[in-house]
Amino acid sequence: MPKHYVSREKLCLSGMTEYWVNEALGQPFFVVTRTVSAGLLAILREEIVPQLLDGIRVLDLTTVLAGPFAAYQLSLMGAEVIKIEPPGGGDLLRRPDLSPGGANYSFLMLNANKKSVTLNLKHPRAREIVFKLLETADVMVENYLEGVMESFGLGYEQIAQRFPRLIYA
């Protein structure tokens, strides 16, 4: 059992995260209530959360909220997530003017535990890099407007032909 496991209903660490115990399975699971520090994330990854997606690589071409949140959830379950951001500021949530103190906490939370690379998908060399990353990826998550990925040569039909085992979400 992890050293932070308790047989009662709930365990709180530093008032930041609540860990709930599934009594039927004897397995702890958790609900994040606030931003998790790097040290606490290490505890979650190694001691509390089963790494169901260990060995899975996800290419994250998402922006703002819903897409980054989906990829973040995959990272919490052990997937390696590589976020691809456009040049000139990256994800829209990176804007420092959206939060006090110059850091956008939504961006920090939704993109924790991810690797990041900046690529201009309009450039052919950038698409070559994406294709190289897709050779070892299991999942690609994107949330661009309809037709945008196709204009980059990265639409579902274009990707499915070249990478038939890839999950395109």
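**Exercise 1. Find what covers the buried residues of helix α4.**

*Solution.* Start with the cover: it includes β4 (57-61), β5 (80-85), β7 (139-142) and α6. Helices (H or I, at least four residues) and strands (E, at least two) are DSSP runs, numbered from the N terminus, and contact means heavy atoms within 4.5 Å. This is a predicted model, where local features need pLDDT of at least 70 and side-chain atom pairs count only at pLDDT 80 or more, while totals for chains, interfaces and linings use all residues. Residues are numbered from 1 along each chain as its sequence is written, and side-chain values use heavy atoms, with hydrogens and water left out.

Next, look at the helix itself. In α4 (residues 124-134), the residues Ala126, Arg127, Val130, Phe131, Leu133 and Leu134 are buried; buried means under 20% relative accessible area, exposed over 50%, and partly exposed in between (1.4 Å probe, protein chains only).

Last, look down the axis of α4: the buried residues fall within an arc of 160 degrees, so they line one face of the helix. The arc is that of the directions from the helix axis to the C-beta atoms. As a reminder, an α-helix has 3.6 residues a turn, so residues three or four places apart point the same way.

**Exercise 2. Work out which element gives the largest share of the largest nonpolar core.**

*Solution.* First, the term: a nonpolar core is a set of buried Ala, Val, Leu, Ile, Met, Phe, Trp, Tyr and Cys residues joined through side-chain atoms within 4.5 Å. The largest one has 20 residues, and Leu59, Leu134, Met140 and Ile159 have the most contacts inside it. Now the suppliers: β4, β5 and α4 each give at least two residues of this core. The largest share, five residues, comes from α4.

Then zoom in on Leu134. Leaving aside residues up to four places away in sequence, Leu134 touches Leu59, Met140, Ile159, Phe163 and Leu166. A second, separate core of six residues includes Val58, Val81, Val139 and Val141.

**Exercise 3. Trace salt bridges that involve strand β4.**

*Solution.* A whole-structure search finds six salt bridges, each being a side-chain nitrogen of Lys or Arg within 4 Å of a carboxyl oxygen of Asp or Glu. Begin with Glu80 and Arg57, whose closest N and O atoms are 2.9 Å apart. Glu80 lies in β5 and Arg57 in β4, so this pair ties together parts that are 23 residues apart in sequence. Glu80 is partly exposed at 23% relative accessibility, and Arg57 is partly exposed at 21%. Arg57, Glu80 and Lys115 are linked in a network of salt bridges.

Now take Asp60 and Lys114, which meet at 2.8 Å, N to O. Asp60 is in β4 and Lys114 in the loop between α3 (105-110) and β6 (115-118), 54 residues apart. Both residues are buried.

**Exercise 4. Describe the geometry of the rings of Tyr144 and Phe152.**

*Solution.* The structure holds three aromatic pairs. Rings of Phe, Tyr and Trp (its six-membered ring) pair if their centres lie within 6.5 Å; planes under 30 degrees apart count as stacked, over 60 as edge-to-face and the rest as tilted. For Tyr144 and Phe152, the centres are 5.8 Å apart and the planes at 90 degrees, so the pair is edge-to-face. Tyr144 is partly exposed at 28% relative accessibility, whereas Phe152 is buried at 10%.
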